Amino acid sequence: ERQYCQNLCYIAKLFLDHKTLYFDVDPFLFYVLCEVDERGYHPVGYYSKEKYSDVGYNLACILTFPSHQRKGYGRFLIAFSYELSKKEEKVGSPEKPMSDLGQQAYIPYWTSTIVDFLLNESNESKSMSIMDIAKKTSIMAEDIIYALNTLGILKFVNGVYFISAERKLL
């Protein structure tokens, strides 16, 4: 319902300094995460994404309500956004530029997802490209490069990226 989605945006504006309010929520899809108990459903957070993004954004705004932070809900919503991207057979990325809070949430997600992928998939292939990783994880190539640089394991030699890390260090 339109009013419900607008109210979610108002709530997000209370806690996110960089949040821009749009009165037209029709171009967005909203995914609300709830806890359930004997009294019913209780929202703990949400994320929104554009229905049609030319740039490949799979998330426009994410908020875990303050009383429910530090429970893994934000990471769950991020992971869910990438699972939807996999279902759509697309790579995705959060809207840029990211806020400081966005970076605090996404960088650990990207790095752990990519390292898990490398540990589990690297036995099957002698070499793989950034695009191979992107296709399997649905994480956009520029975000993969950023995450690998953050870990300090991405090397750029003669116009080619290499991941340089011992398996036991991953």
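User: What does D26 count as at 35% relative accessibility?
Analyst: D26 counts as partly exposed at that 35%. The scale has buried under 20% relative accessible area, exposed over 50% and partly exposed in between, with a 1.4 Å probe and protein chains only. Before we go on: this is a predicted model, where local features need pLDDT of at least 70 and side-chain atom pairs count only at pLDDT 80 or more, while totals for chains, interfaces and linings use all residues. Residues are numbered from 1 along each chain as its sequence is written, and side-chain values use heavy atoms, leaving out hydrogens and water.

User: Where is D26 found, and which residues does D26 touch?
Analyst: Look in the loop between α1 (2-15) and β1 (28-37). Those labels are DSSP runs numbered from the N terminus: helices are H or I with at least four residues, strands are E with at least two. Leaving aside residues up to four places away in sequence, D26 touches R2 and K51, where contact means heavy atoms within 4.5 Å. For a sense of scale, the C-alpha atoms of D26 and L118 are separated by 39 Å, and the two residues are 92 apart along the chain.

User: OK, on to the sheet. What is the strand order?
Analyst: Strands pair if DSSP finds at least two bridges between them. Here, an open sheet of 3 strands runs β1-β2-β4 with antiparallel pairing. β1 and β4 (61-64) are the edge strands, each pairing on one side only. From one strand to the next, the twist averages 20°. To get the register of β1 against β2 (residues 40-50), follow their 10 antiparallel bridges; V32 stands opposite Y46 in β2.

User: Which helices lie across that sheet?
Analyst: α1 lies across β1, β2 and β4, at about 80° to β1. α2 (residues 73-87) also lies across β1, β2 and β4, running at about 50° to β2. For such angles, axes are lines fitted to C-alpha atoms, for helices over the stretch in contact, and the angles run from 0 to 180 degrees between N-to-C directions.

User: How do I read the packing of α3 with α5?
Analyst: Two packed helices are described by the angle between their axes and the distance between the axes. α3 (residues 100-121) and α5 (residues 141-151) pack at about 90° with axes 9 Å apart, so the two are roughly perpendicular. The bins are under 35 degrees for roughly parallel, over 145 for roughly antiparallel, 65 to 115 for roughly perpendicular, and oblique for the rest. Residues making the contact include W110 and I114 of α3, and Y146 and L148 of α5. By class, that contact has 10 nonpolar, 3 polar and 1 charged residues. Nonpolar covers Ala, Val, Leu, Ile, Met, Phe, Trp, Tyr, Cys and Pro, charged covers Asp, Glu, Lys and Arg, and the others, Gly among them, are polar.

User: And what is the angle between α3 and α4?
Analyst: About 105°, with the axes 11 Å apart, which makes α3 roughly perpendicular to α4. T113, I114, F117 and L118 of α3 meet D132, I133, K136 and T137 of α4. This contact has 4 nonpolar, 2 polar and 2 charged residues.

User: How many residues are in the largest nonpolar core?
Analyst: A nonpolar core is a set of buried Ala, Val, Leu, Ile, Met, Phe, Trp, Tyr and Cys residues joined through side-chain atoms within 4.5 Å. The largest has 27 residues, and Y82, Y106, W110, I114, I139, I144 and L148 have the most contacts inside it. Two or more residues come from each of β2, α2, α3, α4 (130-137) and α5, with α3 giving the largest share, 7 residues. Y106 touches I78, Y82 and M98, among others. A second, separate core of 12 residues includes C9, L16, C61 and L63.

User: Which backbone oddities should I look at?
Analyst: Most residues other than glycine have a negative phi, and most peptide bonds are trans. The peptide bond from K96 to P97 is cis, with omega near -5°, and P97 is in the loop between β5 (93-94) and α3. R70, in the loop between β4 and α2, has a positive phi near 70° and is exposed at 86% relative accessibility. E89 has a positive phi too, near 55°; E89 lies in the loop between α2 and β5 and is exposed at 74%. Finally, β6 and β7 form a hairpin with 2 residues between them, and N158 in the turn has a positive phi of about 50°.
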